[in-house]
Amino acid sequence: VAVSALPDDYDVPEMPTLQSVIGLKDTGSSQDYLAGTPLEMGFADITPSAGSLTAHIQMGYQVASLGVSLSGLPDECQSVSVSVSPVSGSVSMSGKYDGSHTACLSCTRNDDVWSSGTWYVFPGTGQQTVFTITMVDPEGECLSSITYKSSLSAGVPYSLNGSYSDGSVDVSGEVTTSEWGESVNLSFAFGPELNPVIDGDGNQPVGPIHE
């Protein structure tokens, strides 16, 4: 097994075995289960024999890339964050993920757009992923949930592009090729009474959920 990871983001055992796990650093902050750099890992089967051995190990990303961009939020909005659930907390040296956690991305404002930058998370388990947008203004918190009917996959970059709205949900997206593989772009309208559901292809709304 070959591993490429920065020690500032990941806990990598000094003397690993196939049962060892690589976890994210416990920072004690809201950014637990997030990494600023990607983790790569590769595997090769080697049969010991006399003489020298040569192994070719193809590295691959063991995390998903995630970025959020939200526009049209009210001017009085003071802070914005997006929680992602579920995500795994670790990966074993044999490539198995473990745990079910929530990662939280903090957004910063630039003119009319709130964005998180790019972060990396371990893939989640289950049949869907829930993104919960928390907006804080002088009157308190406002929550909006987006349900993506697929789990996050390793090696895939996800771009969430949301527009604040009180009206109907209009979701569009596209799939493009990148060095990470297929990029999934999820575009959606969100607001206090809008909780859209996006299908696994990321390019059609399943429909709004009004609560």
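Strands, in the sense used here, are DSSP runs of E that are at least two residues long, numbered from the N terminus. Two such strands pair if DSSP finds at least two bridges between them. With these terms in hand, the predicted model can be explored strand by strand.

A good place to start is strand S12, which spans residues 129-137. S12 and S13 form a hairpin, with two residues between them. Strand S13 covers residues 140-148, and its pairing with S12 is antiparallel, built from nine bridges. One position to look for in this pairing is Val130, which stands opposite Thr147 of S13.

Strand S12 also pairs with strand S7, made up of residues 79-87. Here the two strands again run antiparallel, and seven bridges join them. Among the residues to find in the structure is Ser81, whose bridge partner in S12 is Thr134.

Strand S7 holds a further feature of the backbone. Pro86 is found in this strand, and the peptide bond that joins Ser85 to Pro86 is cis, with an omega of about 0 degrees. For context, most peptide bonds are trans, and most residues other than glycine have a negative phi.

The point about phi leads to Asp111. Although Asp111 is not a glycine, its phi is positive, at about 60 degrees. This residue sits in the loop between strand S10 (101-110) and strand S11 (113-121). Is Asp111 buried or exposed? Its relative accessible area is 68%, and because exposed means over 50%, Asp111 counts as exposed.

Conventions
Residues are numbered from 1 along each chain as its sequence is written. This is a predicted model: local features need pLDDT of at least 70, side-chain atom pairs count only at pLDDT 80 or more; totals for chains, interfaces and linings use all residues. Side-chain values use heavy atoms; hydrogens and water are left out. Helices (H or I, at least four residues) and strands (E, at least two) are DSSP runs, numbered from the N terminus. Buried means under 20% relative accessible area, exposed over 50%, partly exposed in between (1.4 Å probe, protein chains only).
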